[in-house]
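Okay, thanks for making time, everyone. I have one structure to walk through, so let's pull it up.

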Amino acid sequence: MSSLPFESAAATVLGREHARVGRNNQDAFHTRASAHGLVAVVTDGCGSGAASEVGARLGAWRAVDTALTLLAEGVGPDAPGFLSLLEADLLGFLKGLAGQLGPEAVGEALLFTLVGAVCTPSCVLVFAAGDGLWALNGEVHRLGPFPGNAPPYLGYGVLRPGLVGLKPLDLRPTEAVDSLLLGTDGAVDLLEEPGGPLSRFWREDRYFTNPDALRRHLALLNRETVRADFPGRRLVRETGRLGDDTTLVVLRRVPREA
């Protein structure tokens, strides 16, 4: 396991609109640590794809596995070719799936956005393809929205090589990183959520001591409630606050013991 000084929390919940029309959660996440580092990825399948949650899950797992393999081979996230090698492997993986399932599988199941991070003892790289949200040391950045709500899915590169690629967002020494949040585009709704600032996800211990606390918090935000309006003599129905599927991975430096 990695000896990096970070602890993590992660969760995903079905969005209000997907629940309303009976769709699956098309988001996914994966985090894994090895002796060489830690990799975390969140993915969001294309909303119009009939089974894009399949590509999102496979893509998240493949990205993490490949990144850890590169680290084991001595290719660090600060190497000039790191993202190119990761991108080439992901596209080769997706192309292989499309070759077996047919080209229509790209649009139906293999289009997804990706926001990820690779952490080693020396540096932390944040990267993405498409829309989403990320926050490093409390500084929040939104990716997108894109015209027509059509982000540059990495899978487009299967049909048109070179069209889309992984983009570096930030590269910092590990010692300069205290917190990092990765989110799919549904997490944008959390910026307007009245329950507290986004920083609560890396500041509050409960999300790291209880492995289900983050999921439960997001699920509560998306719960439909009914309250009584006594002066108006009516019932008021309030829908969940997260319209789209929402996925977060949060990393923070392990607090020092007093």
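When I say contact here, I mean heavy atoms within 4.5 Å. And keep in mind that this is a predicted model.

Let's start with Thr174. You'll find Thr174 in the loop between strand 8 (167–173) and strand 9 (179–183). Is Thr174 buried or exposed? Buried, with a relative accessible area of 3%. So what does Thr174 touch, if we leave aside its neighbours within four places in sequence? There's Leu4 and Phe6, then the run Thr120, Pro121, Ser122, Cys123 and Val124, and finally Arg253. Leu125 sits 49 residues away from Thr174 in sequence, yet their C-alphas are 9.2 Å apart in space.

On to the cysteines. How many disulfides does the structure hold? Zero. Take Cys119: the nearest cysteine sulfur belongs to Cys123, 9.0 Å away, and a disulfide would need the sulfurs within 2.5 Å. Cys119 is buried, at 1% relative accessibility, and Cys46 is buried too, at 8%.

Last bit, the helices. Helix 2 (residues 52–72) and helix 3 (residues 82–101) have axes that come within 10 Å and cross at roughly 140 degrees. That angle makes helix 2 oblique to helix 3, because the roughly antiparallel label only kicks in over 145. The crossing is right-handed. Who makes the contact? From helix 2, the residues include Leu58, Arg62, Ala63 and Leu70; from helix 3, they include Phe82, Leu86, Asp89 and Phe93. Split by type, the residues in this contact come out as eleven nonpolar, two polar and two charged.

That's my tour, over to you.

Terms used
Residues numbered from 1 in each chain as written. Predicted model: local features only at pLDDT ≥ 70, side-chain atom pairs only at ≥ 80, totals over all residues. Heavy atoms only, no water. Axes fitted to C-alpha atoms, helices over the stretch in contact; angles between N-to-C directions. Helix = DSSP H or I, 4+ residues; strand = E, 2+ residues; numbered from the N terminus. Parallel < 35°, antiparallel > 145°, perpendicular 65-115°, else oblique. Left-handed = near helix turned anticlockwise from the far one by under 90°. Nonpolar A, V, L, I, M, F, W, Y, C, P; charged D, E, K, R; others polar. Buried < 20%, exposed > 50% of the residue type's maximum accessible area, 1.4 Å probe, protein only.
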